[in-house]
Each structure stands twice: as C-alpha cells, then as structure tokens.
Amino acid sequence: MTYQDLPDDIRTTPLTDVAVQADVVDLMVGIDERRAGAVGLMVCDDGDRGIQPIVVTDLPEGAGEDELLRLLDLVLPFVGERDGALLVGRGRRRGLLPTDHDRRWHRATVEACSRHGVRLLGFHLASPDGVAPMPHPLEAA
C-alpha cells in the first residue's frame, strides 16, 4: 500500500492498523526526507486519530538517540497531557532491515513514550524502498 491508498475519511480513522500507519508514514516522510534521515512524528488525539504531523529534517548523519530524545521530550509532554498517542517514521537512505541504530532509536522512543504516558502506535522505517514497521517490544506483546 501507499499513501494513495489512504481512506477518504483518514482524519477520523484511528491509526491503529499497521497498513494504514505505513501509508501515513509514506505520506509524511517523503523520498528526499527519507534519504536525509528525517524523523516524522504523527501526533494523535485520544482516539488515535492523526492531528498534526511533525517532520524534522535537520538531524545530522548518524544522529544518536540523544538527538531523538531532545525532540521527543519537547513533543511528548504536550501529547501526554491530552491522552494522545504517537506514530513515528524514521527515514533511511536505503533498505528496510532494522539496524542496531534503528533498534536503539526504537527502544529510546518506546521508553520516552512510556515515561510521558503516551501510547506509541507504531514505529516504522521509511526508505526509498518502502515503509516497514519495527516489531513491538517483547514486553509489550
């Protein structure tokens, strides 16, 4: 699927389905942003509906979790106060197999969301090759 497959009522559709999440990430993190290693956050309301995309493109090459955590610590308190949720897309130059770096970012995101009381709906890798979800952590399964 691609963002062109999004339902007409996407603004009222909860972003809980993995295929719909991938389509939203596909729309939110464009090809150029993927190649640049951008991160896309879809802020969702208390019904898991997307209300505001945030795409950060000026992350340095190989940015560590500390760069991501600075962004999350700015956004998540606002989301948590409103019982919201978050969908994340991580841009990659190529490939969709998770690297150790991707796993660290995923783990940092899971922990930050937990710390701020925010539901993490999904964490997806996005490259010119497509969009793929990271697996949910074992303790969440």
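**Exercise 1. How many helices and how many strands are there in the protein?**

Start by keeping in mind that this is a predicted model. Step one is to tally the secondary structure: the protein has four helices and five strands. Step two is to put them in sequence order, which gives the pattern α-α-β-β-α-β-α-β-β.

**Exercise 2. Work out what the radius of gyration of the protein says when set beside the value for a compact globule.**

Begin with the chain length, 141 residues. A compact globule with that many residues would have a radius of gyration near 14 Å. The protein has 14 Å, so the value agrees with that of a compact globule. For the outer dimensions, take the box along the principal axes: the C-alpha atoms fill roughly 35 × 35 × 30 Å.

Now turn to burial and contacts. Of the 141 residues, 47% count as buried. Among contacts between residues at least 6 apart in sequence, 68% join residues at least 24 apart. Finish at the surface: the protein exposes about 7,500 Å², and carbon and sulfur atoms supply 52% of that area.

**Exercise 3. Decide whether helix α1 is largely enclosed or open, and find what its buried residues pack against.**

First, count the burial in α1, which covers residues 18–28. Eight of its eleven residues are buried, so the helix is largely enclosed by the rest of the structure. Second, name them: the buried residues are Val20, Gln21, Ala22, Asp23, Val24, Val25, Asp26 and Met28. Third, look for their neighbours. The buried residues of α1 pack against α2 (31–35), β1, β2, β3 (85–91), β4 and β5 (130–133).

Now zoom in on one member of this helix, valine 25. Its relative accessible area is 0%, and the cut-off for burial is under 20%, so valine 25 counts as buried. Leaving aside residues up to four places away in sequence, valine 25 touches Arg34, Leu87, Val88, Gly89, His124, Ala126 and Val131. Pick out histidine 124 from that list: it sits 99 residues from valine 25 in sequence, yet the two C-alpha atoms are 7.3 Å apart in space.

**Exercise 4. Trace the salt bridge of arginine 119: which residue is the partner, and where in the chain do the two residues lie?**

Begin with the whole set. The protein has 15 positive and 24 negative side chains, and the centres of the two sets lie 4 Å apart. A search of the whole structure finds twelve salt bridges. Side chains of opposite charge can pair when their charged atoms come close.

Next, find the partner: the side chain of arginine 119 meets that of aspartate 48, with 2.5 Å from N to O. Then place both residues. Arginine 119 is in strand β4 (residues 119–127), while aspartate 48 is in the loop between β1 (39–44) and β2 (50–56), so to speak a link between distant parts of the chain, 71 residues apart. Last, check how each is covered: arginine 119 is partly exposed at 35% relative accessible area, whereas aspartate 48 is buried at 13%.

**Exercise 5. Set out two salt bridges that involve helix α3: arginine 104 with glutamate 65, and aspartate 66 with arginine 70.**

Take arginine 104 and glutamate 65 to begin with. Their side chains meet at 3.8 Å, N to O. Arginine 104 belongs to helix α4 (residues 100–116) and glutamate 65 to helix α3 (residues 65–81), so many as 39 residues apart, and the pair links distant parts of the chain. Arginine 104 counts as partly exposed, at 40% relative accessibility, and glutamate 65 is partly exposed too, at 25%.

Now take aspartate 66 and arginine 70, whose side chains meet at 3.9 Å, N to O. Both lie in helix α3, four residues apart, about one turn of the helix. An α-helix has 3.6 residues a turn, so residues three or four places apart point the same way. Aspartate 66 is partly exposed at 46%, and arginine 70 is partly exposed at 49%. Salt bridges that share partners join Asp66, Glu67 and Arg70 into one network.

**Exercise 6. Is glycine 64 buried or exposed, and which residues does it touch?**

Locate glycine 64 in the loop between β2 and α3. Its relative accessible area is 18%, so with a cut-off of under 20% glycine 64 is buried. Not counting residues up to four places away in sequence, glycine 64 touches His101 and Trp105. For a distance along the chain, compare leucine 74: it is ten residues from glycine 64, and their C-alpha atoms are separated by 17 Å.

Definitions and conventions
Residues numbered from 1 in each chain as written. Predicted model: local features only at pLDDT ≥ 70, side-chain atom pairs only at ≥ 80, totals over all residues. Heavy atoms only, no water. Rg over C-alpha atoms; globule rule 2.2 N^0.38 Å. Buried < 20%, exposed > 50% of the residue type's maximum accessible area, 1.4 Å probe, protein only. Contact = heavy atoms within 4.5 Å. Areas by Shrake-Rupley, 256 points an atom, 1.4 Å probe, with all protein chains shown as cover. Lys, Arg positive; Asp, Glu negative; His and termini not counted. Charge placed at Lys NZ, Arg CZ, Asp CG, Glu CD. Salt bridge = Lys/Arg side-chain N within 4 Å of Asp/Glu carboxyl O.
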